[in-house]
Amino acid sequence: MKILVTGVGGQLGYDICKVLDARKIENKGVDLADFDITDAQATHDYIAAYHPDAVIHCSAWTAVDKAEDELDKVRAVNTEGPRNIAKVCKEIGAKMLYISTDYVFPGTGERFYEPDDLTGPLGAYGSTKLGGELAVKEQLDNYFIVRISWVFGKNGNNFVKTMLRLAETHDELNVVCDQIGSPTYTADLAPLLCDMIVTEKYGTYHATNEGICSWADFAEAIFELAGKKVKVNHIPTSEYPTRAVRPLNSRMSKDKLEQMGFSRLPHWKDALERYLKELEILK
């Protein structure tokens, strides 16, 4: 089997290629320098020439606040890019795994969202990622859509690295406490996606580490494990306005993973400890 992985320069794409290499599965990790997914012809020519059996599409516009002011650019990357890739996959008979997000939901209530629940994104990022989902479904039957949330990994910027950086200059931080979700460690997620892509168990899934917390809870756990003396003030989202509206409820049910024979990921606290060891913060 031969797999093309987009977004190799990001957190998830980087770890997926590491897992594929370890499993001795032929793969190629690509990024913008290789081809621009918003250019339909360039996308077609590159993927058709490599002729993979599957594409794992990780690259995306993820600057959530900036997305509100650059909708056309965001739509080109998050909706038309996946469409361009899906069209080539259809032509060459390749399967496709598309990485999506909790932002496709409105984030109301406290119930865990199921993969087939009604969507209702609140802003540009979520709506364009949902557009990508619909584009993939429109083109292909042999697809996986995997929604993830609160991602952290070695190769890129994330909340954990931000908190560790701020801990160097702050002894007190305000962090929102009414947005609830599940952190996701790419080193845990990547093996699951590699397990999935070699099957024909197509459909829409949710995949995050187990357990839920608020961003404030997450920050406290980071500081505690890293041995940083930082006081976390729990504040409501209303006291921390941002350009883009964040979903308050990012709880996503992972029951379907077990139903389809896949393993759930470890608890997020366990993942965080291993991540801090990977960063050599913990020994």
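Start by selecting Arg243 and Asp69: their side chains meet in a salt bridge, with N and O 2.9 Å apart. You're looking at a predicted model, by the way. This pair links distant parts of the chain, 174 residues apart. Arg243 sits in the loop between S12 and helix H9 (255-259), while Asp69 sits in the loop between helix H3 (64-67) and helix H4 (71-92). Color by accessibility if you can: Arg243 is partly exposed at 48%, and Asp69 is exposed at 53%.

Now hop to Asp72 and Arg75. Here's another salt bridge, at 3.5 Å from N to O. Both residues belong to helix H4 and lie three residues apart, about one turn of the helix. Asp72 is exposed, with a relative accessible area of 62%, whereas Arg75 is partly exposed at 36%.

Next, pick Glu168 and Lys228. Their closest N and O atoms are 2.9 Å apart, which makes a salt bridge. Glu168 is in the loop between H6 and S7 and Lys228 is in the loop between H8 and S12, so this pair ties together parts 60 residues apart in sequence. Glu168 is exposed at 55%; Lys228 is partly exposed at 28%. For a group view, select Glu210, Asp255, Glu258 and Arg264, which are joined into one network by salt bridges that share partners. How many salt bridges are there by this rule? The count comes to 16.

Time for a helix. Select residues 215-226, which make up H8. Try checking its length: 12 residues at 1.5 Å a residue should span 16 Å, and the end C-alpha atoms are 16 Å apart, so the two agree. Which residues of H8 are buried? Show Trp215, Ala216, Phe218, Ala219, Ala221, Ile222, Phe223 and Ala226 as sticks to see them. Then bring up what these buried residues pack against: strands S6 (151-152), S7 (172-176), S11 (213-214) and S12 (231-235), plus helices H6 (159-167) and H10 (268-278). Just after H8 comes Gly227, with a positive phi near 70 degrees.

Last stop: the cysteines. How many disulfides does the structure hold? Zero. To see why Cys58 has no bond, find the closest cysteine sulfur, in Cys17: at 8.0 Å, that is too far. Cys58 counts as buried, at 15% relative accessibility. Now click on Cys177. The closest cysteine sulfur to its own is in Cys213, 12 Å away, so that's too far for a bond as well. Cys177 counts as partly exposed, at 29%.

Methods:
Residues numbered from 1 in each chain as written. Predicted model: local features only at pLDDT ≥ 70, side-chain atom pairs only at ≥ 80, totals over all residues. Heavy atoms only, no water. Helix = DSSP H or I, 4+ residues; strand = E, 2+ residues; numbered from the N terminus. Expected span 1.5 Å × (residues − 1). Buried < 20%, exposed > 50% of the residue type's maximum accessible area, 1.4 Å probe, protein only. Contact = heavy atoms within 4.5 Å. Disulfide = S-S within 2.5 Å. Salt bridge = Lys/Arg side-chain N within 4 Å of Asp/Glu carboxyl O.
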